[in-house]
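Me: I have some questions about individual side chains in this model. Please reason briefly and finish each reply on the item asked for.

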Amino acid sequence: MKKLFVFMGIIMLTATMSVKTMPHCEVPCGIYTDQLRIEMIREHITTIEKAMVQIEELSSAEDINYNQLVRWITTKDHHANLIQEIAEQYFMTQRVKPVSAENVEAYKKYIRQLTLLHEMLIYSMKCKQTTDVANTAKLSELVDNFAEAYFDPEDHGHEH
């Protein structure tokens, strides 16, 4: 019986210490859709903006609810991190493919996409650093510009 308890303790300890893994397409698995990633980024931006407003309201209250304040700060930062993960792990490492500078038009498109993704990373970082909703507005603009630069009007599916 003692061995059973020791075994169960090891199982429970292992389960609580396991590292959370995030799904990705580096296999590639082909189950994710590019348009959905864009929509997820937009949803994260909305959440960040709502968190910023809540942080400002809670911070200016006469009796500050620090528990709620910390929760909104954590939420804001978490969603900014998720945007960065999509930009880096999904688009930059898997979907935006390097092209030769000899193919001038394709290379210009490639550089435009990388530039927009880099700017999205920067503004996601700024969203973590501040509660300035101008950063979420700029992030929204960048996402729209990236979607325009990324999706080929002729290719509605943009399949893997």
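Me: Which helix holds Ile 111?
Reply: This is a predicted model. The helix that runs over residues 104–129 includes Ile 111. That helix is α4.

Me: Is Ile 111 buried, partly exposed or exposed?
Reply: The relative accessible area of Ile 111 is 34%. Buried means under 20% and exposed means over 50%, with partly exposed in between. Ile 111 is therefore partly exposed.

Me: Which residues make a nonpolar surface patch with Ile 111, and what is its area?
Reply: Val 99 and Tyr 107 make the patch together with Ile 111. The area of this nonpolar surface patch is about 200 Å².

Me: Which side chain of opposite charge is nearest to Arg 37, and how far away is it?
Reply: Arg 37 sits in helix α2, residues 34–60. Arg 37 is buried yet has no salt bridge. A salt bridge would need a side-chain nitrogen within 4 Å of a carboxyl oxygen. The nearest side chain of opposite charge is Asp 34, at 6.5 Å.

Me: Which residues does Arg 37 touch, not counting those up to four places away in sequence?
Reply: With residues up to four places away in sequence set aside, Arg 37 has contacts with aromatic and other side chains listed by name here. They are Tyr 32, Ile 86, Tyr 90 and Phe 91.

Me: How many aromatic pairs are there, and what is the geometry of Phe 91 with Phe 146?
Reply: The count comes to 6 aromatic pairs. The ring centres of Phe 91 and Phe 146 are 4.9 Å apart and their planes are at 75°, and over 60 degrees counts as edge-to-face. The Phe 91 and Phe 146 pair is therefore edge-to-face.

Me: Which helices does the pair of Phe 91 and Phe 146 tie together?
Reply: Both Phe 91 and Phe 146 are buried, each with a relative accessible area of 0%. The pair ties together parts that are 55 residues apart in sequence. Phe 91 lies in residues 66–95 and Phe 146 in residues 133–150, so the helices are α3 and α5.

Me: Which residues form one aromatic cluster with Phe 91 and Phe 146?
Reply: The rings of Tyr 150 and Phe 151 have centres 5.1 Å apart and planes at 80°, so they are edge-to-face. Tyr 150 is buried at 2%, and Phe 151 is buried at 17%. The residues that join Phe 91 and Phe 146 in one aromatic cluster are Tyr 90, Tyr 150 and Phe 151.

Definitions and conventions. Residues numbered from 1 in each chain as written. Predicted model: local features only at pLDDT ≥ 70, side-chain atom pairs only at ≥ 80, totals over all residues. Heavy atoms only, no water. Patch = residues over 30% accessible without salt bridge, like charges linked within 9 Å, V, L, I, M, F, W, Y side chains within 5 Å. Areas by Shrake-Rupley, 256 points an atom, 1.4 Å probe, with all protein chains shown as cover. Helix = DSSP H or I, 4+ residues; strand = E, 2+ residues; numbered from the N terminus. Buried < 20%, exposed > 50% of the residue type's maximum accessible area, 1.4 Å probe, protein only. Lys, Arg positive; Asp, Glu negative; His and termini not counted. Contact = heavy atoms within 4.5 Å. Phe/Tyr/Trp six-rings, centres within 6.5 Å; stacked < 30°, edge-to-face > 60°.
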